[in-house]
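This briefing sets out selected structural features of the model shown below, grouped by topic for computational work.

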Amino acid sequence: MEAESHKKGGGSGFSVPKSGDATVALVGYPNVGKSSLLNALTGVHSETGNFAFTTVSVIPGTMLYNGARIQILDLPGIIESASSGSGRGKEILSVVRGADLILLVTDNEMKGLDRIREELYRAGIVINRKRRNVSVVRTGSNGIVIHAPKKVMVNSDDIREILHEFRIMNADVYIRESVTLEDIIESVRGSYVYVKAIVTVNKSDLGIVNYSVAESFNGASVVKVSARTGYGIDNLKEEIFRSLEMVRIYLMEKSGKIDRERPLILRKSSTVRDVCRKISRQMLSSFKYAYVISQGQMVQNKRVGLDHVLRDGDIVHIVSVN
Ligand SMILES: Nc1nc2c(ncn2[C@@H]2O[C@H](COP(=O)(O)OP(=O)(O)OP(=O)(O)O)[C@@H](O)[C@H]2O)c(=O)[nH]1
Ligand SMILES: [Mg+2]
């Protein structure tokens with residue numbers, strides 16, 4: 001993580017440097033209460049108003065939760081056809097592409113929720129779906145050859161038709177798990193990012209109209225909040241933390257002292273190597289082995305190497321050469 005080089009954080013405009021352990025973008029139509037939510041989540045004051053486009057640049061804030069520093073970006077409201085260049089939509093969407101998590105913010109009237117998913121998709125942002133293991137490698141001859149394990153059902157004619165639409169006549173298509181035609185199109189086009197999203201229904205103090213729109217949203221978690229009354233804000237913080245799939249790692253010093261106050265925050269599936277990197281460059285080169293104490297594990301105080309995958313709450317003691 002390059003957080004160290006961005007100590008100043010802050011700043012406004014469209015080139016907000018990433019800071020903290022993860023970045024969350026607030027995305028939604030104008031006036032749904034994104035800036036009010038930033039204020040409620042982080043205590044940063046971002047201007048709010050009862051008219052559209054109060055926010056004209058990116059305003060960052062930091063949410064402290066469970067020892068993690070989570071950067072929240074308040075963006076101007078997205079409007080229809082943002083992806084085709086209207087308003088500052090393109091710039092907004094490019095900031096969204098870099099986020100680790102998207103909060104799709106809507107209000108009690110569910111404003112914009114159906115259109116925003118389309119806008120994001122057009123900008124190459126796929127929400128709540130994983131990248132599938134499929135690749136299309138162009139070849140010089142032999143037509144479209146599909147390589148797929150027996151258990152994976154594919155409709156070869158449909159795939160050929162799609163590739164022909166892209167004017168691909170010769171290619172090896174490697175399919176390693178069940179895929180839809182959408183997955184294949186994304187693979188051919190390239191440059192899609194796959195980001196998790198939480199639907200946040202703000203202004204719930206006004207009574208929510210047509211809640212089912214949110215519930216059918218790509219299986220996303222739906223959190224009802226009111227930035228005005230504070231209702232649901234703690235719940236939203238917890239959901240953000242959970243969705244980012246972060247793990248807390250506690251370091252044990254030589255003396256046996258464990259720093260419980262300041263865990264290292266890493267992404268899920270991080271290894272001892274990631275811990276070393278986060279501490280310092282020297283740590284990685286002088287690393288000998290580490291001891292890991294995991295909750296609920298039979299073998300405690302195991303000696304492990306750099307590739308050992310850590311779990312939330314693990315205590316790590318690193319032994320270096322010297
Ligand atoms: N009743 C109610 N009003 C709210 C709530 N949150 C925000 N508002 C009001 O909604 C209006 C818009 O809020 P903003 O936070 O400026 O909305 P925004 O999404 O940032 O707007 P843009 O920056 O213009 O896209 C303001 O008048 C807020 O006071 C809420 O939870 N309940
Ligand atoms: Mg705003």
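Val96 touches Ala25, Val27, Leu75, Ile102, Leu120 and Ile125, leaving aside residues up to four places away in sequence. The model is a predicted one. Val96 belongs to helix H2, residues 89-97, and its relative accessible area is 0%, so Val96 is buried. Between the C-alpha atoms of Val96 and Val27 the separation is 7.8 Å, although their positions lie 69 residues apart along the chain.

**Nonpolar cores**

- The largest nonpolar core comprises 53 residues. Val27, Ile70, Ile102, Leu104, Leu120 and Ile240 are the residues with the most contacts inside this core.
- Leu104 touches Val27, Leu113, Ile116, Leu120, Ile127, Ala197, Ile198, Val199, Thr200 and Phe217, when residues up to four places away in sequence are not counted.
- A second core, separate from the largest one, has 16 residues, among them Leu266, Met283, Leu310 and Val316.
- As general background, nonpolar side chains in soluble globular proteins tend to be buried together.

**Strand S1 and helix H7**

- Val24 is placed in strand S1, residues 22-28. With a relative accessibility of 0%, Val24 counts as buried, because the cut-off for a buried residue is under 20%.
- The contacts of Val24, not counting residues up to four places away in sequence, are Ile70, Gln71, Ile72, Leu73, Leu101, Leu103, Ile240 and Leu244.
- Val24 and Ile102 are 78 residues apart in sequence, while their C-alpha atoms are 5.6 Å apart in space.
- In helix H7, residues 233-243, the buried residues are Ile233, Leu236, Lys237, Glu239, Ile240, Phe241 and Ser243.
- Glu245, just after H7, takes a positive phi of about 50 degrees.

**The five-stranded sheet and helix H8**

- An open sheet is formed by 5 strands in the order S12-S11-S15-S13-S14, with mixed pairing.
- Strand S12 (264-267) and strand S14 (302-304) stand at the edges with a single partner strand each, so one side of each has no neighbour in the sheet.
- On average, neighbouring strands of this sheet are turned by 35 degrees against each other, direction ignored.
- Helix H8, residues 272-279, packs on the sheet and touches strands S11 (246-251), S12, S13, S14 and S15. The direction of H8 makes about 130 degrees with that of S12.
- Strand S13 (residues 287-293) pairs with strand S15 (residues 315-320) in the antiparallel sense, over 6 bridges. Within the sheet, Phe287 stands opposite Ser320 in S15.
- In general terms, strands of a sheet pair through backbone hydrogen bonds, either parallel or antiparallel.

**Aromatic rings and charges**

- The count of aromatic pairs comes to 3.
- For Tyr121 and Tyr192, the ring centres are 5.5 Å apart and the planes stand at 35 degrees, so the pair is tilted.
- This pair links distant parts of the chain, 71 residues apart: Tyr121 lies in helix H3 (residues 113-122), and Tyr192 lies in the loop between helix H5 (181-189) and strand S9 (193-201).
- Tyr121 has a relative accessible area of 25% and is partly exposed, whereas Tyr192, with 8%, is buried.
- Arg260 lies over the face of Tyr250, at 5.1 Å from the ring centre.
- The charged end of Arg303 sits over the ring of Tyr289, 3.8 Å from its centre.

**Positive phi values in loops**

- By way of background, most residues other than glycine have a negative phi.
- Arg167, a residue other than glycine, has a positive phi near 60 degrees. Arg167 lies in the loop between helix H4 (156-165) and strand S8 (171-175), and is exposed, with a relative accessible area of 70%.
- Lys203 is not a glycine either, yet its phi is positive, at about 60 degrees. Lys203 is found in the loop between S9 and helix H6 (212-215), and is partly exposed, with a relative accessible area of 22%.

Notes. Residues are numbered from 1 along each chain as its sequence is written. Chains are lettered from A and ligands numbered from 1 in the order in which they are written. This is a predicted model: local features need pLDDT of at least 70, side-chain atom pairs count only at pLDDT 80 or more; totals for chains, interfaces and linings use all residues. Side-chain values use heavy atoms; hydrogens and water are left out. Two strands pair if DSSP finds at least two bridges between them. Helices (H or I, at least four residues) and strands (E, at least two) are DSSP runs, numbered from the N terminus. Axes are lines fitted to C-alpha atoms, for helices over the stretch in contact, and angles run from 0 to 180 degrees between N-to-C directions. Contact means heavy atoms within 4.5 Å. A nonpolar core is a set of buried Ala, Val, Leu, Ile, Met, Phe, Trp, Tyr and Cys residues joined through side-chain atoms within 4.5 Å. Buried means under 20% relative accessible area, exposed over 50%, partly exposed in between (1.4 Å probe, protein chains only). Rings of Phe, Tyr and Trp (its six-membered ring) pair if their centres lie within 6.5 Å; planes under 30 degrees apart count as stacked, over 60 as edge-to-face and the rest as tilted. A charge sits over a ring if NZ of Lys or CZ of Arg is within 6 Å of the ring centre and within 35 degrees of the ring normal.
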